[in-house]
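Visitor: I am new to this one, so could you show me around and tell me how each label is earned?
Guide: Gladly, here it is.

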Amino acid sequence: MFTGIIEATGVLESIQMLQGNLLWVIRSPVSDELRVDQSVSHDGACLTVTGVDQGTHQVTAIRETLKKTNLESLRPGHWVNLERSLKLGDRLDGHLVQGHVDCRGVCKRVSEKEGSHEIQIGFPPEFSKLVIEKGSVCMSGISLTVFDVTDREFSVAIIPYTYEHTNIRQLMVNDLVNLEFDLIGKYILRQQSHYSTPAHDVLPG
């Protein structure tokens with residue numbers, strides 16, 4: 001479990017495709033503090049650390065992860081948002097994030113607003129019920145509040161600190177981002193779908 005508050009950014013040093021899986025080597029300020037089998041959010045995707053060596057760590061993304069994320073489109077030199085898992089008792093400064101990416105979004109527009117930035121994101125319409133005005137979304141691992149919501153797009157405002165300390169500063173129009181929608185909203189929607197489905201009578205045998 002994560003909070004969407006980025007702890008550090010790391011640079012993607014190398015990529016290797018192995019039997020359909022993607023192996024990343026990342027250099028970051030926190031790599032030496034990680035351990036094998038630890039879960040770490042990489043651009044919003046929860047990946048397991050498989051190796052640590054002299055300021056770098058290695059993770060593997062399987063085919064199912066690659067289908068729903070932007071990880072396969074990244075190249076060496078790209079900066080990656082990193083967050084270690086939440087400890088019990090920590091402050092929840094963002095919102096509850098699982099690190100299970102729901103889909104990819106696409107950057108439609110980036111505009112500067114007197115020091116801050118506004119970004120418009122397009123997303124698949126089948127997820128529109130999970131996006132509400134002033135609600136939370138995790139975008140590339142970052143907990144953000146959405147506004148100007150439609151069935152296919154929403155906007156987020158990026159404060160200067162977030163812009164300077166995450167890979168948002170690399171984002172360009174048509175780039176893909178990882179989206180995870182609010183966990184609580186998913187459970188509510190799931191529960192509503194059960195109540196809205198008519199119960200079938202059970203006939204005696």
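What follows is a talk between a visitor and a guide about the names given to parts of this structure.

Visitor: What kind of model is this, and how are residues numbered?
Guide: This is a predicted model, where local features need pLDDT of at least 70 and side-chain atom pairs count only at pLDDT 80 or more, while totals for chains, interfaces and linings use all residues. Residues are numbered from 1 along each chain as its sequence is written, and side-chain values use heavy atoms, with hydrogens and water left out.

Visitor: Why is the contact of R27 and E13 called a salt bridge?
Guide: The term asks for a side-chain nitrogen of Lys or Arg within 4 Å of a carboxyl oxygen of Asp or Glu. The side chains of R27 and E13 meet at 2.7 Å, N to O, so the pair meets that limit. The whole structure has seven salt bridges.

Visitor: What does the pair of R27 and E13 tie together?
Guide: R27 lies in strand 2 (residues 21–27) and E13 in strand 1 (residues 8–18), so parts 14 residues apart in sequence are tied together. Strands here, like helices, are DSSP runs numbered from the N terminus: a strand is E with at least two residues, a helix H or I with at least four.

Visitor: What makes R27 "partly exposed"?
Guide: Buried means under 20% relative accessible area, exposed means over 50%, and partly exposed is in between, using a 1.4 Å probe and protein chains only. R27 has 37%, so it falls in the middle class. E13, at 38%, is partly exposed too.

Visitor: How do you know that E64 and K68 form a salt bridge?
Guide: Their closest N and O atoms are 3.9 Å apart, so the pair is within the limit. Being four residues apart in helix 1 (residues 63–68), E64 and K68 are separated by about one helical turn.

Visitor: Which residues are linked in a network of salt bridges?
Guide: The network links E7, E33 and R84. Within it, E33 and R84 have their closest N and O atoms 3.1 Å apart. That pair links distant parts of the chain, with E33 in the loop between strand 2 and strand 3 (39–42) and R84 in strand 6 (residues 79–84), 51 residues apart.

Visitor: What makes the barrel, and in what order do its strands come?
Guide: Six strands close into the barrel in the order 1-2-5-4-3-6, with antiparallel pairing. Two strands pair if DSSP finds at least two bridges between them. Strand 1 and strand 6 are joined by four bridges, so they count as paired. In that pairing, G10 stands opposite V80 in strand 6.

Visitor: How do you know that strand 10 and strand 11 pair?
Guide: Two bridges join them, and they run antiparallel, so the requirement is met. F147 stands opposite S155 in strand 11. Strand 10 also pairs with strand 9 in the antiparallel sense, over four bridges. There, S136 stands opposite T145 in strand 10.

Visitor: Why is strand 10 described as largely enclosed?
Guide: Five of its six residues are buried, so the rest of the structure largely encloses strand 10.

Visitor: What is notable about D148?
Guide: D148 has a positive phi of about 50 degrees although it is not a glycine. It lies in the loop between strand 10 (142–147) and strand 11 (153–158). Q54 likewise has a positive phi of about 50 degrees without being a glycine. With a relative accessible area of 68%, Q54 is exposed.

Visitor: Is F127 buried or exposed?
Guide: F127 is buried, because its relative accessible area of 18% is under the 20% cut-off. It lies in the loop between strand 8 (116–122) and strand 9 (136–139). F127 touches D102, C103 and F181, not counting residues up to four places away in sequence; contact here means heavy atoms within 4.5 Å.

Visitor: Why is the disulfide count zero?
Guide: A disulfide needs a pair of cysteine sulfur atoms within 2.5 Å. The sulfur of C46 is 11 Å from the closest cysteine sulfur, in C138, so it is too far for a bond. For C107, the closest cysteine sulfur is in C103, 15 Å away, which is again too far. By this rule, the count comes to zero disulfides.
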